[in-house]
Amino acid sequence: MSHFEMLLADNPIVGAIRNDEDLDLICKSTIKIVFVLYGSILSIKRINDTLKEKDKIVFIHLDMLEGIKSDQKGVEFIKEVINPYGIISTKGITLKHAANLGMFTIQRIFMLDTLSFDTGIKSVHTFSPDAVEVLPGIAAKAIETLGKEITQPIIAGGLIKTKKDAINALSAGAKAISTSCSELWEFEEMSL
């Protein structure tokens with residue numbers, strides 16, 4: 001088991017934040033891993049630094065940042081100026097640039113139909129991210145099927161609103177779930 005897989009095993013609830021209100025809430029929580037799903041070139045350093053001061057492990061969704069392209073120079077900027085633990089992207093080439101700079105990578109894929117499933121698997125095999133976030137996270141069958149096709153740990157995200165949703169995703173084979181539902185952040189201490 002890789003270091004990153006052990007990190008997910010120890011922290012199966014990942015907080016996903018979309019605004020400064022979520023930032024304040026997650027800083028007060030016991031959540032260890034945080035996915036930052038908002039920000040801009042002007043605010044991302046403050047967001048990252050605030051989380052790091054609270055000993056959070058930060059992954060920035062590069063595709064969602066305003067004013068920063070998810071190209072090679074954008075990735076270099078994130079690494080050199082912001083320096084999170086890793087990045088999230090739907091773009092395999094962006095993940096490859098980040099991996100070459102020593103960052104951990106999470107590829108986000110959407111399982112909407114058979115075509116998106118096949119395309120997602122092909123992309124994961126091509127770009128070899130450290131983990132894969134599959135959306136929607138409530139699609140237990142997709143998680144189970146994806147787990148048979150790739151070796152990376154799966155993080156289920158999207159539409160996970162209840163403890164039952166989290167349990168179902170983890171039971172289907174996800175190593176962790178990401179959620180913006182702050183009520184679930186406190187389940188971190190409970191056994192799922």
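Ala, Val, Leu, Ile, Met, Phe, Trp, Tyr, Cys and Pro count here as nonpolar, Asp, Glu, Lys and Arg as charged, and the others, Gly among them, as polar. The model is predicted: local features need pLDDT of at least 70, side-chain atom pairs count only at pLDDT 80 or more, and totals for chains, interfaces and linings use all residues. Residues are numbered from 1 along each chain as its sequence is written, and side-chain values use heavy atoms, with hydrogens and water left out.

**Exercise 1.** Work out how the residues lining the largest pocket divide into nonpolar, polar and charged.

Solution.
- Apply the classes to the lining: seven nonpolar, five polar and four charged.

**Exercise 2.** Find the salt bridge of Asp 20 and place both partners.

Solution.
- Apply the rule: a side-chain nitrogen of Lys or Arg within 4 Å of a carboxyl oxygen of Asp or Glu.
- The partner is Arg 46, with the closest N and O atoms 3.3 Å apart.
- Asp 20 lies in helix α2 (residues 20–28) and Arg 46 in helix α3 (residues 44–53), so the pair ties together parts 26 residues apart in sequence.
- Helices are DSSP runs of H or I, at least four residues, numbered from the N terminus.

**Exercise 3.** Is Asp 20 buried, exposed or partly exposed? Do likewise for Arg 46.

Solution.
- Take the cut-offs: buried is under 20% relative accessible area, exposed over 50%, partly exposed in between (1.4 Å probe, protein chains only).
- Asp 20 has 35%, so Asp 20 is partly exposed.
- Arg 46 has 39%, so Arg 46 is partly exposed.

**Exercise 4.** Which salt bridge joins Asp 49 to a lysine?

Solution.
- Asp 49 pairs with Lys 45 at 3.2 Å, N to O.
- The two are four residues apart in helix α3, so about one helical turn separates them.
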